[in-house]
Amino acid sequence: MKLYASYTSPFARHCRIALLQDNVDCEFIDTDYAQSAANSATQKVPFLEDGDIKLTDSSSILMYLSQKAGRTFIQDVQEQELFCMTNTCLDTTVNLFLLERDGITTESSAYLQRQQNRIESTLKALNDKVSDVQGPLNTAQMRLACYVDWALFRGRISIEGLSNLDNLLRVAKEDQNFNTTAIPA
Ligand SMILES: N[C@@H](CCC(=O)N[C@@H](CS)C(=O)NCC(=O)O)C(=O)O
């Protein structure tokens, strides 16, 4: 099995955590934009190859790994909602981050300002959804922990006043696999 990814991608980190959790033998291939454009239709990381199987999204990769290990991927509608809401916020934050790297800021576009507003309102809703979380984290909670840790690392969000997100991150940092896959400083 081969995972094409980067060490900073929060989507890839979630897959790496699942691989460690299940003790799967998998080669990690550090992949840049040119390589992902050449080898994946979506031109994104992570993507995974396992024999004839090729998966181009962290969600299908996580589902595949869960099925292989006989674990539950997503338990119920509320967990699915948390997972999807986190992905929306994460996609939006990544897009604004990459646009800013290209010199395009939220001030230049009403659409981009709406993206920034989306991040702020969604963060509050996510905070409300994870009160009193204790380990081990389920798939959606782990996705949210990967997002918050990445967005704080990149200076894209503040979780001041969002104490449930702060607690979630504290619980995630009790997980050895979360720490092993920490974003390199
Ligand atoms: N829906 C995808 C999103 C993956 C994604 O956005 N990856 C980012 C890195 S964190 C990427 O490769 N972006 C490249 C680009 O947008 O050009 C997943 O869950 O795997």
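These legends accompany close-up views of a predicted model of one protein chain.

**View A. Two domains share the chain.** Start here to get your bearings: the domain assignment splits the protein chain into domain 1, residues 2-69, and domain 2, residues 77-176. Taken over C-alpha atoms, the centres of the two domains are 21 Å apart. Where they meet, domain 1 contributes 10 residues to the contact and domain 2 contributes 14 residues.

**View B. The surface buried between domain 1 and domain 2.** Together the two domains bury about 1100 Å² between them. Carbon and sulfur atoms account for 60% of that area. If you would like to pick out residues on the domain 1 side, look for Pro 10, Phe 11 and His 14, which lose the most area to domain 2. These three residues together make up 49% of what the domain 1 side buries.

**View C. A salt bridge links the domains.** One salt bridge is counted between domain 1 and domain 2. Zoom in on Arg 13 and Asp 149, whose side chains meet in a salt bridge with an N to O distance of 2.8 Å. The count of residue pairs in polar contact between the two domains is three, with both partners at pLDDT 80 or more.

**View D. Helices on the domain 1 side of the contact.** Two helices to find here are H1, residues 10-21, and H3, residues 58-69; each supplies at least two residues of the side of domain 1 that touches domain 2. H1 gives the largest share of that side, with five residues. Sorted by class, the side of domain 1 that touches domain 2 has five nonpolar residues, four polar residues and one charged residue.

**View E. Stacked rings of Tyr 4 and Phe 47.** Across the whole structure, a search finds four aromatic pairs. One of them is the pair of Tyr 4 and Phe 47, which is stacked, with 4.6 Å from centre to centre and 5 degrees between the planes. Tyr 4 belongs to strand E1 (residues 2-5) and Phe 47 to strand E3 (residues 47-50), so this pair ties together parts that are 43 residues apart in sequence.

**View F. The surroundings of Asp 50.** Staying with strand E3, we come to Asp 50, which is found in this strand. Its side chain is joined to that of Lys 68 by a polar contact of 3.4 Å. With neighbours within four places in sequence left aside, Asp 50 is in contact with Met 1, Tyr 64 and Lys 68.

Key:
Residues numbered from 1 in each chain as written. Predicted model: local features only at pLDDT ≥ 70, side-chain atom pairs only at ≥ 80, totals over all residues. Heavy atoms only, no water. Domains from an automatic or database assignment. Contact = heavy atoms within 4.5 Å. Buried area = accessible area lost by both parts, 1.4 Å probe. Salt bridge = Lys/Arg side-chain N within 4 Å of Asp/Glu carboxyl O. Polar contact = N/O pair within 3.5 Å; in protein donor to acceptor, adjacent residues only side chain to side chain. Helix = DSSP H or I, 4+ residues; strand = E, 2+ residues; numbered from the N terminus. Nonpolar A, V, L, I, M, F, W, Y, C, P; charged D, E, K, R; others polar. Phe/Tyr/Trp six-rings, centres within 6.5 Å; stacked < 30°, edge-to-face > 60°.
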